[in-house]
Amino acid sequence: MAIAGRIKLNLQLRNVLRNFTRDGRGMSTLTAEKVEDKISEKEENEKPVDPSPALLNYRFAYPEFLPDPNPLHRNKLREKLERKDMLARRSNIEIPEFYVGSILAVTHSDPHAPGKTNRFLGICIQRLGCGLRANFILRNVIDHLGVEVHFDLYDPTIQKIDVIRLEKRLDEELFYLRDAPPEYSTFPLDMEAEYHPEGAEVPVNEMKVPLKPTPWLQRWERMNMKGIIDCLPQVNEKRRRKAALKIHQKPWEKYDLMKMYRETIPMEEQSEIFAEVHSKLHELELHRHKMKRSRNFVKPKKSG
């Protein structure tokens, strides 16, 4: 009898709860209309926002603000702290816009130099790294000897970075200048800066350089370098045959979507990062223009 009474009581409670939920008086205080409104509001908030062209251009002018695309090296807290340190460093020193192929002059502290500072001028042959690990390499030929200096972009010993000539080249790296004649890497140390109008597009130098006779540091005939004059006639028949077979190339990689995903940062994340630093970078740019105008202004002298 006790078991039958418990079963009857459970059935009665189940019917009461079923009627209670049918009337819309359940545990939740939201009505169906409110639930639909919240769902539609959430969908509107999740719509992708089209990034502005200014933010899209930042990925070329400030590539070091983008994190490492390798997920094994990602740490959002560290990346945020690094961006904060990078902006603080930019408030103390002007780090101008430059690209591979631009001619720069870097003044940095050197305890062994006579004036405790040293200045090196050269062409940028490589720029890579992200965050505080961003770096670049300058090359110049001094006294018939090729000299390359590796700089960390946010090194506290750097005192000044001057852009002597702002331009781009056809390739992302210019290591083939090591195997080119020295006149293509020779620049006077007292070279004067060339004027580049504000807001103008960065010119692309389409110059192609020849290579010295073999041996080379790398097999340039196998690489698709746009800034090199055809170098196949300078190699033997065996190397020409291997270059024609393209055994070093992997044509299937252009269809590898996961490889592209691992090597790039999604546009949504890029827009979010540059939206975070846009206001500070814009403020620093306005301050730089203001200081430049004040330096160019010459106070008139009183006559008589």
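**Note on the predicted model**

1. From the N terminus on, the elements of the protein run α-α-α-α-β-β-β-β-β-α-α-α. That makes seven helices and five strands. The model is a predicted one, and the points below should be read with that in mind.

2. Confidence comes next. The mean pLDDT of the protein is 81, and residues at 70 or more make up 76% of the chain. Two stretches fall under 50. Over residues 20-30 the pLDDT stays under 50, and the model has four contacts there beyond four places in sequence. Residues 43-50 also have a pLDDT below 50, and this stretch has zero contacts in the model beyond near neighbours in sequence.

3. Two figures describe the protein as a whole. It has 304 residues, of which 30% count as buried. Taking contacts between residues at least 6 apart in sequence, 65% join residues at least 24 apart.

4. How are the strands ordered in the sheet? The order is E4-E3-E2-E1-E5, in an open sheet of five strands with antiparallel pairing. Strand E4 (145-152) and E5 each have a single partner strand and stand at the edges, so one side of each is left without a neighbour in the sheet. On average, neighbouring strands of this sheet are turned by 35° against each other, direction ignored. As general background, strands of a sheet pair through backbone hydrogen bonds, either parallel or antiparallel.

5. Strand E1 (residues 103-109) pairs with strand E2 (residues 117-128) in the antiparallel sense, over seven bridges. One residue pair to look at is His 108 with its bridge partner in E2, Asn 118.

6. E2 also pairs with strand E3 (residues 135-142), again in the antiparallel sense. This pairing has five bridges. Gln 126 stands opposite Ile 137 in E3, while the bridge partner of Arg 127 in E3 is Phe 136. The hairpin of E2 and E3 has six residues between the strands, and in this hairpin Gly 129 takes a positive phi near 90°.

7. Arg 127 and Phe 136 lead on to the aromatic residues. Phe 136 forms one aromatic cluster with Phe 98 and Phe 151. The charged end of Arg 127 sits over the ring of Phe 98, at 4.2 Å from its centre. Arg 127 is thus worth viewing twice: as the bridge partner of Phe 136, and as the charge over Phe 98. A second charge of this kind is Lys 168, which lies over the face of Tyr 99, 4.6 Å from the ring centre.

8. How many aromatic pairs does a search of the whole structure find? The search finds four. One of them is formed by Tyr 176 and Trp 220: the ring centres are 6.1 Å apart and the planes stand at 90°, so the pair is edge-to-face. Angles over 60 degrees count as edge-to-face. The pair links distant parts of the chain, 44 residues apart, with both Tyr 176 and Trp 220 in the loop between strand E5 (158-165) and helix H5 (237-245). Are these residues buried or exposed? Both Tyr 176 and Trp 220 are buried.

Conventions: Residues numbered from 1 in each chain as written. Predicted model: local features only at pLDDT ≥ 70, side-chain atom pairs only at ≥ 80, totals over all residues. Heavy atoms only, no water. Phe/Tyr/Trp six-rings, centres within 6.5 Å; stacked < 30°, edge-to-face > 60°. Helix = DSSP H or I, 4+ residues; strand = E, 2+ residues; numbered from the N terminus. Buried < 20%, exposed > 50% of the residue type's maximum accessible area, 1.4 Å probe, protein only. Lys NZ or Arg CZ within 6 Å of the ring centre and 35° of its normal. pLDDT = per-residue confidence, 0-100. Contact = heavy atoms within 4.5 Å. Pairing = 2+ DSSP bridges. Axes fitted to C-alpha atoms, helices over the stretch in contact; angles between N-to-C directions.
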